[in-house]
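Me: I've got a new model open and I'd like to learn how to read its features. Can you walk me through it?

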Amino acid sequence: MIVSVQNQKGGVGKTATAVSLASVARARGQRVLLVDLDPQASASRWLDVEPDGEAVLGLSDLLDGVASGDVTLDQAVVEARAAEEDRPELDLLAADEALLFIERELGGDGATDRLRTVLADARERYDLIVLDGGPAITALSANALYAADVVLAPVTLSSIALDGIARLRQLVELANEQGHALRALYLPTGADARLRETRELLDVMREAFGSFPDGDVLEPVRYSSALSRAYGTRETIAEYADTARAETGRGDRAADRAVEDYGAVLDALDRIQERTRD
Ligand SMILES: Nc1ncnc2c1ncn2[C@@H]1O[C@H](COP(=O)(O)OP(=O)(O)OP(=O)(O)O)[C@@H](O)[C@H]1O
Ligand SMILES: [Mg+2]
């Protein structure tokens, strides 16, 4: 399954969501590929992979080389985490600087399926492919939409929460009119249920889009201070939770909460996958 984490609004938790879903899925034994589509390269850095570092060729070379077929996925994939006893490796298509310039290349008509083509082989090799998009509507974000089975839009629960959601919804509808079967899901992030504003906005969203499974609003990912701490130590949230447990025995409650919440998102994705198989 290919999940595109995207929302053109900045700082809503896209990267935290993409990296955490990848890490919790891996902790469940799944083979995961994380694709960093953002020239800011936050997801790559979170996994301690410098853009334009280890890979022989970057994502932009891959997107560029599709037509000629002379660039393979293997040349561009970095093993961000090696396989361990109970966990397979975690693979990454890291962002590279040239992603900034790929726009013109992709901007031409009909270039919306470039990423889809790049990932066609990867579909067989991974249980889950997660795309981390940047904060803009670009040719690359359109490519992400057209490559994905599910568009997962993190949304912060502030009074401007619904900004941008309407636009994303239009784009999803457009893709579906063109024959795609794209499912849109909204994931409230950083939710603090003690705040009245949070509860009210959650109600507004649920009213507008319905609650999962029949509607599109997932259970929120609660506020967790462990996410920024994990970024600081370049550990994924699953790794951070493990380290805390090894060090203190009790573990870190905020980290465990985040692992649990992102685990619930993975459960929702599993349900969608089961349904499409039926
Ligand atoms: N559930 C959460 N609880 C607490 N903090 C969070 C949560 N999710 C994300 N954050 C924090 O919010 C900030 C923005 O998150 P993130 O970088 O994931 O957003 P983004 O949408 O990827 O941003 P950009 O648009 O720049 O790519 C980060 O400091 C991150 O640690
Ligand atoms: Mg980001």
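**Pockets, cavities, charges and odd backbone spots**

Reply: Sure, and keep in mind that this is a predicted model. Let's begin with the pocket: helix 1 (14-27), helix 2, strand 7 (183-191) and helix 11 (226-232) each give at least two residues to the lining of the largest pocket.

Me: Which element supplies the largest share of that lining?

Reply: Helix 1 does, with four residues.

Me: How do you find empty space to begin with, and how much is in the largest pocket?

Reply: The general idea is to roll a probe the size of a water molecule over the atoms, which shows where empty space is left. In this case, the largest pocket holds about 450 Å³. It is lined by 25 residues, and the closest to its centre are Gly11, Val12, Gly13, Lys14 and Ala16.

Me: What about cavities of 30 Å³ or more: how many are there?

Reply: A cavity is a space where the probe fits but cannot get out, whereas a pocket is open. Searching the whole structure turns up one cavity of 30 Å³ or more. The largest cavity has a volume of about 40 Å³, and its lining is made up of Gln6, Asn7, Gln8, Gly134, Ala136, Ile137, Ser141, Leu168 and Leu171.

Me: On to charges. How many salt bridges are there in the whole structure?

Reply: To count, a side-chain nitrogen of Lys or Arg has to be within 4 Å of a carboxyl oxygen of Asp or Glu. By that test there are 19 salt bridges. One to click on is Asp267 with Arg28, where the closest N and O atoms are 3.0 Å apart. This pair links distant parts of the chain, 239 residues apart: Asp267 sits in helix 13 (residues 253-277), and Arg28 in the loop between helix 1 and strand 2 (32-36).

Me: Which residues form the negative surface patch?

Reply: That patch is made by Asp52, Asp61, Asp64, Glu97 and Glu105. To find Asp52, look in the loop between helix 2 (42-46) and helix 3 (59-65).

Me: Last one: the backbone. What should I look out for?

Reply: Most residues other than glycine have a negative phi, and most peptide bonds are trans. So you hunt for the exceptions to that pattern. Ala41 isn't a glycine, yet its phi is positive, about 60°; you'll find Ala41 in the loop between strand 2 and helix 2.

Me: And is the peptide bond from Phe212 to Pro213 cis or trans?

Reply: That bond is cis, with omega near 15°. Pro213 lies in the loop between helix 10 (196-209) and strand 8 (221-222).

Methods
Residues numbered from 1 in each chain as written. Chains lettered and ligands numbered in written order. Predicted model: local features only at pLDDT ≥ 70, side-chain atom pairs only at ≥ 80, totals over all residues. Heavy atoms only, no water. Patch = residues over 30% accessible without salt bridge, like charges linked within 9 Å, V, L, I, M, F, W, Y side chains within 5 Å. Areas by Shrake-Rupley, 256 points an atom, 1.4 Å probe, with all protein chains shown as cover. Lys, Arg positive; Asp, Glu negative; His and termini not counted. Charge placed at Lys NZ, Arg CZ, Asp CG, Glu CD. 1 Å grid on protein atoms, 1.4 Å probe; cavity = no way out; pocket = protein on both sides within 12 Å on 5 of 7 lines; lining within 4 Å. Points joined across faces, edges and corners; volume = space filled by probe spheres on them.
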